[in-house]
Amino acid sequence: MRGYFAIGSERISKPMNLGALMRTANAFGASFVFSINAEHRLRAAYQADTSKTAGQVPYYQWDNVDEMQLPRGCQMVGVELTDDAVMLPTFRHPPQAAYILGPEKGDLSPDIIAKCDHVVKIPTKFCINVSLAGALVMYDRHLSMGGYATRPIMPGGTTGDGKRTDYVPGRDRT
Ligand SMILES: C[S@@+](CC[C@H](N)C(=O)[O-])C[C@H]1O[C@@H](n2cnc3c(N)ncnc32)[C@H](O)[C@@H]1O
C-alpha cells in the first residue's frame, strides 16, 4: 500500500480506548500511535508499561499540540463530527497521514483543528466511541488504498486476497 499512516487522540482518558486504538492500529499496519495531552493517570500507566501495550507499534505521548512533531510531508487529518467536515466515504486519504481523534467527552480542540490539513466525519447520526471511530477511519483508508477488486453486481466477491488481478503491491508507491 502507498505511504504510511499514524493515528492518535487528544485528551484521551480511558486506557481501554487507547489500548483498543493501538491494537487496531497495529493490525492495520500503522507506523506509530500518539496522544496529545492525555489524561494524567493514563499517561503514568503507559509510561510505566511500555513493553506490554506499546511494544508492537511506537507510541508518542505529547503534552500539547506545540510539542507534536510529525514527519515532513505528513498531513494531519482531524476526525470529528462537525458541519464542515468532509464525509469519509468521499475523502481521498493522503498517502502520508496522521489521523487525530477527540476525547471521550468533548471534541477536538480549536488548536488541533487549526493544525489539520483536513477534517473528516463518519456518517453516523451521533458520536460513536473514539476507538471505534478510529477503526472505521483505518478501515476506510485500507479499503480505498488497498488495491481491492471492485465489487461485483451480484452478491458474492473475490476470493484469495481480493486484490485486482493487475495489482502489484507497492507499485503505486511514490
Ligand atoms: C465519543 S466522541 C466525543 C463525544 C462527543 N463530542 C459528545 O460529547 O457527544 C469521541 C471522538 O470520536 C470521534 N468520533 C465519534 N463519532 C464520530 C463521527 N461520526 N465522525 C467523526 N468522528 C467521530 C471524534 O474524534 C470524537 O471527538
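## A walk from helix H5 to the ligand

Start by selecting residues 130–145, which form helix H5. Its 16 residues stretch 23 Å from the first C-alpha to the last, close to the 22 Å expected at 1.5 Å a residue. Keep in mind as you look around that this is a predicted model.

Next, show the side chains of H5. Which residues of H5 are buried? They are Val-130, Ser-131, Ala-133, Gly-134, Ala-135, Val-137, Met-138 and Arg-141. To see what covers these buried residues, colour strand S1 (4–10), helix H1 (15–27), strand S4 (75–79) and strand S6 (96–101), which are among the elements that do so.

Now step just past the end of H5 and click on Gly-147, where the backbone takes a positive phi of about 75 degrees.

Move on to strand S2, residues 32–36, and pick out Ser-35 within that strand. Is Ser-35 buried or exposed? Ser-35 counts as buried because it has 25 C-beta neighbours inside 10 Å, and the cut-off for buried is 20 or more. Leaving aside neighbours within four places in sequence, select Gly-8, Ser-9, Ile-12, Leu-18 and Gln-61 to display the residues in contact with Ser-35. Then draw a distance from Ser-35 to Ala-98: the two lie 63 residues apart in sequence, and their C-alpha atoms are 11 Å apart in space.

Finish at the ligand, which has 18 residues around it. Leu-101, Gly-102, Ile-122, Cys-127 and Ala-133 come nearest; Ala-133 is also one of the buried residues of H5 that you have already selected. Colour the shell by residue type and you will find nine nonpolar, four polar and five charged residues.

Methods: Residues are numbered from 1 along each chain as its sequence is written. This is a predicted model: local features need pLDDT of at least 70, side-chain atom pairs count only at pLDDT 80 or more; totals for chains, interfaces and linings use all residues. Helices (H or I, at least four residues) and strands (E, at least two) are DSSP runs, numbered from the N terminus. A residue is buried if 20 or more other C-beta atoms lie within 10 Å of its own, exposed if 12 or fewer, and partly exposed in between; C-beta atoms are placed from the backbone. Two residues are in contact if their C-beta atoms, placed from the backbone, lie within 7 Å. The expected span of a helix is 1.5 Å times one less than its number of residues. A residue is near a molecule or strand if its C-beta atom, placed from the backbone, lies within 6 Å of it. Ala, Val, Leu, Ile, Met, Phe, Trp, Tyr, Cys and Pro count as nonpolar, Asp, Glu, Lys and Arg as charged, and the others, Gly among them, as polar.
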